[in-house]
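Please find below a colleague's note on the model, arranged as numbered points for use at the bench.

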Amino acid sequence: MGGYFSKTFNPATDISNLSKRVFIVTGGNAGIGYATVQHLARHGAKVYLAARNEKKALAAIQQIRQEGLNPGNGEVVYLPLDLSDVRNAKKAAQDFVEKETRLDVLINNAGQMIVPSARSKHDLQDIMVVNHFSLFVFTTTLLPLLKKTAKEPNSDVRIVNVASEGMGSVKDIRFRNKDDFNDEHASALWPAFARYGRSKAANMLFTKELQRRLDAEGVPILAMAIHPGNVDSEGIQSIVANSPFVLKPLLHLLRGALFVAPEKGAYASVFAAAAPVVRAESQKYKAAYIAGPTATITPPHFKDADDPMLAKELWETTESILKDIGV
């Protein structure tokens, strides 16, 4: 418990100057994403704040400036991104490639948490579209630019996927077909949380397979997954509000006693994205799972996270489904 309040990592002092480097942070208009953008921009980075709602995104950018983005600091730019449809995710990536000639770090932070089961697009669960399929499309569409940047002298290109210990809520899952992706987890104590956990397990497996493929090509890009820790974000507030009645009092108590502010909740993302030690010890951090404000490598909460066949199955079935959609 005390580890969450450790001062072993502090973005204010443990991040080098990030000027001339370009970042994307999805879901950057609130919570952990907002704090991530703020930390990076204060070190000189040019950060694209990717979000669906333009009004909220521009308000967030204005707030970041008011809270301490001074001349000489970095720059924050709005990038429209709607993850509810894989086609929109692809277009957002293509739009970015038309604007920029480099991308140093992609932080896939945006996602749904506890939502009703629904299939709004392509006969796929909404949470899997937002948390996995659109993330996959957005990342792979940006991959050629990330690889191009990685070829430049002194480059340090990274991909950071925000996972969660919630992936520990599922086991023995598969990704063979649409039915596997659309599993309702009806027998789980809390089906909505199990569906969320499956999407986060997919994030972990995607990270593992992505790193394997990058290594096979000899591309020096680091892919990592992170768990922010217990953070009092909008997502957690939603979990508490939508939790089963019997769990609600306990979650309220835990939230008040153990959860940190989003500013610290962003530490793991910022560490994975920009800490010099990550590149210095790249073999150690490849496909690592970095947890909490202490930014500590820890075993993934999903027991099958290191199953290469399951990761390969996820990737190949995802590609097959996207091909059928026409993306």
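The points below go from the overall fold to the cores, the strands, one helix and a cavity.

1. Overall make-up. The structure is a predicted model. Its protein chain holds 14 helices and eight strands. Of the 327 residues in the chain, 54% count as buried. Among contacts with a separation of 6 or more, 79% are accounted for by residues 24 or more positions apart.

2. The largest nonpolar core. This core has 65 residues, and those that touch the most other members are I24, F96, L103, F138, L142, F175 and F302. At least two residues each come from β1 (22-26), β2 (46-51), α4 (86-99), α5 (126-150), α7 (191-217), β6 (222-227) and α14 (308-325). The most is given by α5, with 14 residues. As general background, nonpolar side chains in soluble globular proteins tend to be buried together.

3. F302 and the other core. With residues up to four places away in sequence left out, F302 touches M167, V170, I173, A201, L205 and L310. Another core, of 43 residues, lies apart from the largest one; L49, L69, V278 and A288 are among its members.

4. Strand β4 and its partners. In β4 (residues 105-108), V105 and I107 point one way while L106 and N108 point the other way, and all are buried. Strands β1 and β4 run parallel and are joined by three bridges. In this pairing, I24 stands opposite L106. Strand β4 also runs parallel to β5 (residues 158-162), with four bridges between them. Here L106 stands opposite I159. Between β4 and β5 the chain passes through α5, and this β-α-β crossover is right-handed.

5. T149 in helix α5. Is T149 buried or exposed? T149, which is placed in helix α5, has a relative accessible area of 0% and is therefore buried, the cut-off being under 20%. Its contacts, leaving aside neighbours within four places in sequence, are R102, L103, D104, S155 and V157. Of these, L103 is also listed among the residues that touch the most other members of the largest core.

6. V137 in helix α5. V137 is likewise found in α5. Its relative accessibility is 3%, so V137 counts as buried. Which residues does V137 contact, once its neighbours within four places in sequence are left aside? They are V86, A89, K90, L322 and V327. V137 and N88 are 49 residues apart in sequence, yet their C-alpha atoms are 9.5 Å apart in space. N88 lies within the residue range of α4 (86-99).

7. The cavity. How many cavities of 30 Å³ or more does a search of the whole structure find? The search finds one. The largest cavity encloses about 50 Å³ of space. Its lining is made up of T26, L83, N108, A110, V130, L135 and F138. Three of the lining residues come from α5, which gives the most. Two lining residues also appear in earlier points: N108 belongs to β4, and F138 is one of the residues that touch the most other members of the largest core.

8. Helix α5 in summary. The preceding points return repeatedly to this helix. It gives the most to the largest core, gives the most to the lining of the largest cavity, and lies on the path of the right-handed crossover from β4 to β5. It also holds T149 and V137.

Terms used: Residues numbered from 1 in each chain as written. Predicted model: local features only at pLDDT ≥ 70, side-chain atom pairs only at ≥ 80, totals over all residues. Heavy atoms only, no water. Core = buried A, V, L, I, M, F, W, Y, C linked by side-chain atoms within 4.5 Å. Buried < 20%, exposed > 50% of the residue type's maximum accessible area, 1.4 Å probe, protein only. Contact = heavy atoms within 4.5 Å. Pairing = 2+ DSSP bridges. Right-handed = clockwise from strand over helix to strand, strands pointing away. 1 Å grid on protein atoms, 1.4 Å probe; cavity = no way out; pocket = protein on both sides within 12 Å on 5 of 7 lines; lining within 4 Å. Points joined across faces, edges and corners; volume = space filled by probe spheres on them.
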